[in-house]
Amino acid sequence: MRTAVLENNKFVIKEMPKPILDEYGEGAIIKVTGCGLCGSDIVKMRTGLAKNGSVLGHEVVGKIVEINSKTVFKVGDKVALGHHVPCFNCDYCRNGNYSMCRHFKSTNIFPGGFSEYIYVSEEHLNNTVFYVSQSLSDVEASFLEPLGCCVRAVKRAKVYENSKCLIVGLGSIGILMGQTAKVFGAKVYGCDIKTDRIILSEQFGFEKSFLSPNINDLKLQVKEIAPIGFDTVFLTAGASSSLDFAVNSVRDGGSIVVFSSIKDENGFKNNEIYYRELNVFGSYSPAPKDLEDSKTLLDERRVKVLGLSTVYNIENLNEAISDTISNKIMKAYIKI
Ligand SMILES: [Zn+2]
Ligand SMILES: [Zn+2]
């Protein structure tokens, strides 16, 4: 089967043996139709976390071609999935920190979504694989996992009716995050340094977004909308200056949700958090319930994703990565 394998910071298409269901016993083999390119794939590649020989990709849509399972899934089902499964039993899970569960971190699909076929376990089928309804396109369905991340972040932030949220960074995750916060009743605003992203966010239902090269500029623009600052600020941008945006645009007593890996970490200032009673917390990967909620939002089209993705063939994965890094595109969908 054709597989994109990492070799010295580039993906090379190689012929790999197809996973054999009999070797695993239970589970399913999925023929991948496409897979979203996630920011975390790029981070893993750039930081060396993914070694030579790795196969990445986890925002998978595909069709079940072989199955041995006690679940209701059958051959021919079109599915989308999450790649990690919690144990539901450890101290992390019991406290709702499913994505910190050690079992969660150790489970995965094999070999990775940028491949013609993958193996998913019975545990995956039971918890993180979802049937895709006819009305959803493959590209839409590939947003199951990234939207699940946003559902989790918005739940963790306890976003409430009519609260004011600011999304710092209007990439694809920023756009999904804003729409999700809106589903939870918030008034959603955004800021970015690119005009096209400001326009796009407003097309996706943001109240208003601000082109803001620096924090003082933003403050001036939001003076009337959020005179004491925003109740919740979601950090989805990767530039270290975005920390400054978050701390200086959140109201006293408000929350900052970190959903971004920042290379140059200058951190949050202790006394700022203390004297201003700020809630600062991270949100990482979705639990099965977040994926289920994500699927409902996609099915009911309460969160819109069409128009965010640019489609590439697997042979052009490297181009998709460089176009994502240079912000030429919002999100890449890799057709397998
Ligand atoms: Zn992802
Ligand atoms: Zn656990």
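Here are some exercises with worked solutions on the predicted model above.

Before you start: residues count from 1 along each chain as its sequence is written, and chains are lettered from A and ligands numbered from 1 in the order in which they are written. As the model is predicted, local features need pLDDT of at least 70 and side-chain atom pairs count only at pLDDT 80 or more, while totals for chains, interfaces and linings use all residues.

**Exercise 1. Work out how the radius of gyration of the chain fits a compact globule.**

Step 1: take the rule, which is 2.2 Å times the number of residues to the power 0.38, with the radius taken over C-alpha atoms.
Step 2: for 336 residues, that rule puts a compact globule near 20 Å.
Step 3: the chain itself has 20 Å, so the two agree.
Step 4: for another view, the C-alpha trace spans about 60 × 40 × 40 Å along its principal axes.

**Exercise 2. Find the domains and describe where they touch.**

Step 1: split the chain into domain 1 (2-147 + 286-335) and domain 2 (158-282); such bounds come from an automatic or database domain assignment.
Step 2: go from centre to centre over C-alpha atoms, and you cover 28 Å.
Step 3: look at the contact, to which domain 1 gives twelve residues and domain 2 gives eleven residues. Two residues are in contact if their C-beta atoms, placed from the backbone, lie within 7 Å.
Step 4: on the domain 1 side, α2 (39-47) and α7 (144-156) are the elements that give two or more residues. Helices here are DSSP runs (H or I, at least four residues), as are strands (E, at least two), numbered from the N terminus.

**Exercise 3. Which residues have the most contacts inside the largest nonpolar core, and where does this core lie?**

Step 1: a nonpolar core is a set of buried Ala, Val, Leu, Ile, Met, Phe, Trp, Tyr and Cys residues joined through C-beta atoms within 7 Å. Buried means 20 or more other C-beta atoms within 10 Å of a residue's own, exposed means 12 or fewer, and partly exposed is in between, with C-beta atoms placed from the backbone.
Step 2: the largest core has 95 residues, and Cys165, Val168, Phe234, Leu235 and Ile334 have the most contacts inside it.
Step 3: α7 gives this core its largest share, seven residues.
Step 4: both domains give residues to the core, so it lies between them.
Step 5: zoom in on Cys165; beyond four places in sequence, its contacts include Val159, Ala181 and Phe230.

**Exercise 4. Check the span of α7, and say how many of its residues are buried.**

Step 1: the expected span is 1.5 Å times one less than the number of residues.
Step 2: the 13 residues of α7 should therefore span 18 Å, and its end C-alpha atoms are indeed 18 Å apart.
Step 3: eleven of the 13 residues are buried, among them Glu145 and Arg152.
Step 4: just after α7, Lys158 takes a positive phi of about 50°.

**Exercise 5. Is Lys182 buried or exposed?**

Step 1: place Lys182 in helix α8 (residues 172-183).
Step 2: count 20 other C-beta atoms within 10 Å, so Lys182 is buried.
Step 3: leaving aside neighbours within four places in sequence, Lys182 is in contact with Val188 and Gly205.

**Exercise 6. Where are Asn8 and Pro111, and what is notable about their backbone?**

Step 1: Asn8 is in the loop between β1 (2-7) and β2 (10-15), and has a positive phi of about 45° although it is not a glycine.
Step 2: with 6 other C-beta atoms within 10 Å, Asn8 is exposed.
Step 3: Pro111 is in the loop between α4 (102-106) and β6 (117-120), and a cis peptide bond, with omega about 0°, joins Phe110 and Pro111.
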